[in-house]
Amino acid sequence: MPDLGIDTIAFAAARREEYVPLSALPGAADLVPPERLAAAGIPLSRLMVRIPEDDDVDVAAQVLAALGPPAVPQPLFFVRSGPLRDPNVAALAGLVQRSGWAGEDVGLSHLDELGGTAVFGLLEWAVETEATAVVCDEPLFADAACGDPRFAAVGVRLRRGRSPLAVSGCGEGKPALTAGHRFTGRGPCDAWLAFCAALAEGVVADGDRVLLHTRGPLREGWLSLLALDVAALRLVPAATASLLGGRSG
């Protein structure tokens with residue numbers, strides 16, 4: 001089977017303020033599974049929890065709209081870092097309905113920091129010819145010491161055969177690979193946003209190897225890319241796009 005590649009990247013990010021101290025919600029700590037609290041990696045004294053609001057920015061929908069409809073029907077993979085921002089909302093069904101998506105759809109959730117890197121192992125196996133993947137990070141928890149968190153999403157158009165970016169490997173754990181460009185962040189979209197900033201600035205050139213590295217409180221994941229034709233890569237900021245986050249090293 002031909003190698004998997006990327007020809008379009010769309011991205012969006014928006015700062016959010018609807019977080020309150022967990023201590024301000026009586027009994028809330030007892031309702032959250034201990035595993036979720038541990039995965040947050042935030043001291044209880046600084047732990048903030050998100051309160052859904054009617055005007056929540058839907059960064060996943062913005063990214064899918066920025067990508068535009070595919071030329072031919074194809075599968076949509078919707079990858080969420082954690083639980084839905086509102087437990088009464090069927091996010092994937094709403095996304096498919098609003099966008100008029102013509103192909104199949106698959107939802108993956110609770111991948112935490114691995115949603116933007118190690119998930120490509122599944123995509124490498126699942127994508128037959130062409131597909132779209134949207135990685136969405138709407139954190140349930142935030143650290144009061146770090147300021148307002150953000151919602152972020154990154155969408156990619158995938159296809160088999162030669163593409164502007166070739167997927168050359170991915171995995172869980174600390175990456176042992178070297179690359180000309182390395183972007184690291186805590187959330188599943190952070191390294192992607194930093195990579196998009198580098199692309200927009202013209203830092204990445206043909207032949208460069210790129211390593212996207214996600215390091216969360218419990219796990220690490222990585223994705224290796226090879227730039228083959230940067231000029232042909234379509235980079236699309238969505239309405240609330242921001243290039244904040246991650247770092248290059």
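**Exercise 1. One face of a helix**

Find which residues of helix 3 are buried, and work out how they are placed around its axis.

Solution.
Step 1. In this predicted model, helix 3 covers residues 59-67, and its buried residues are Val59, Ala60, Val63, Leu64, Ala66 and Leu67.
Step 2. Recall the geometry: an α-helix has 3.6 residues a turn, so residues three or four places apart point the same way.
Step 3. Look down the axis of helix 3. The buried residues fall within an arc of 160 degrees, so they line one face of the helix.
Step 4. Check what comes after the helix. Gly68 follows helix 3, and its phi is positive, near 80 degrees.

**Exercise 2. A residue with positive phi**

Locate Asp112, give its phi, and decide whether it is buried or exposed.

Solution.
Step 1. Asp112 sits in the loop that runs between strand 5 (105-108) and helix 5 (120-126).
Step 2. Its phi is near 50 degrees, which is positive although the residue is not glycine.
Step 3. For background, most residues other than glycine have a negative phi.
Step 4. The relative accessible area of Asp112 is 17%. Buried means under 20%, so Asp112 counts as buried.

**Exercise 3. The partners of strand 1**

List the strands that pair with strand 1, with the direction of each pairing and one pair of facing residues where possible.

Solution.
Step 1. Set the scene: the protein has six helices and 14 strands. Strand 1 spans residues 4-15, and eleven of its twelve residues are buried.
Step 2. Take strand 8 (residues 150-160). Eleven bridges join it to strand 1, and the two run antiparallel. Leu4 stands opposite Arg160, and Phe11 stands opposite Val154.
Step 3. Take strand 9 (residues 165-172). It pairs with strand 1 in the antiparallel sense over two bridges, with Ile6 opposite Leu165.
Step 4. Take strand 13 (residues 234-237). Here the pairing with strand 1 is parallel and has four bridges. Phe11 has Pro237 as its bridge partner in strand 13.
Step 5. Follow strand 8 further. Ten of its eleven residues are buried. Strand 8 is also joined to strand 6 (residues 130-137), by eight bridges in the antiparallel sense, and Glu130 stands opposite Arg159.

**Exercise 4. A sheet with two edges**

Which strands stand at the edges of the open sheet with the order 2-3-7, and what does this leave them without?

Solution.
Step 1. The sheet has three strands in the order 2-3-7, with antiparallel pairing.
Step 2. Strand 2 (19-21) and strand 7 (141-143) are at the edges. Each has a single partner strand, so one side of each is left without a neighbour in the sheet.
Step 3. From one strand to the next, the twist averages 40 degrees.
Step 4. Look at one pairing in detail. Strand 3 (residues 47-50) is joined to strand 7 by three bridges in the antiparallel sense, and Met48 stands opposite Ala142.

**Exercise 5. The nonpolar cores**

Describe the largest nonpolar core and name the helix that gives the most to it.

Solution.
Step 1. Start with the whole protein: of its 249 residues, 51% count as buried.
Step 2. The largest nonpolar core has 37 residues. Those with the most contacts inside it are Ile6, Ile9, Phe120, Trp192, Phe195 and Leu225.
Step 3. Helix 6 (residues 190-200) gives the most to this core, namely eight residues.
Step 4. Another core of 23 residues lies apart from it, and includes Ala10, Ala60, Ala91 and Val236.
Step 5. Use Ile9 as an example of contacts. Beyond its neighbours within four places in sequence, Ile9 touches residues including Val154, Leu165, Trp192, Phe195, Cys196 and Leu235.
Step 6. Consider the contacts of the protein with a separation of 6 or more. Residues 24 or more positions apart account for 84% of them.

**Exercise 6. Looking for disulfides**

How many disulfides does the structure have, and why does Cys196 not form a bond with Cys189?

Solution.
Step 1. A search of the whole structure gives zero disulfides.
Step 2. A disulfide needs two cysteine sulfur atoms within 2.5 Å.
Step 3. The closest cysteine sulfur to that of Cys196 belongs to Cys189. The distance is 9.7 Å, so it is too far for a bond.
Step 4. Add the surroundings. Cys196 is buried, with a relative accessible area of 0%, whereas Cys170 is partly exposed, at 24%.

Note on methods
Residues numbered from 1 in each chain as written. Predicted model: local features only at pLDDT ≥ 70, side-chain atom pairs only at ≥ 80, totals over all residues. Heavy atoms only, no water. Buried < 20%, exposed > 50% of the residue type's maximum accessible area, 1.4 Å probe, protein only. Pairing = 2+ DSSP bridges. Axes fitted to C-alpha atoms, helices over the stretch in contact; angles between N-to-C directions. Arc of directions from axis to C-beta. Core = buried A, V, L, I, M, F, W, Y, C linked by side-chain atoms within 4.5 Å. Contact = heavy atoms within 4.5 Å.
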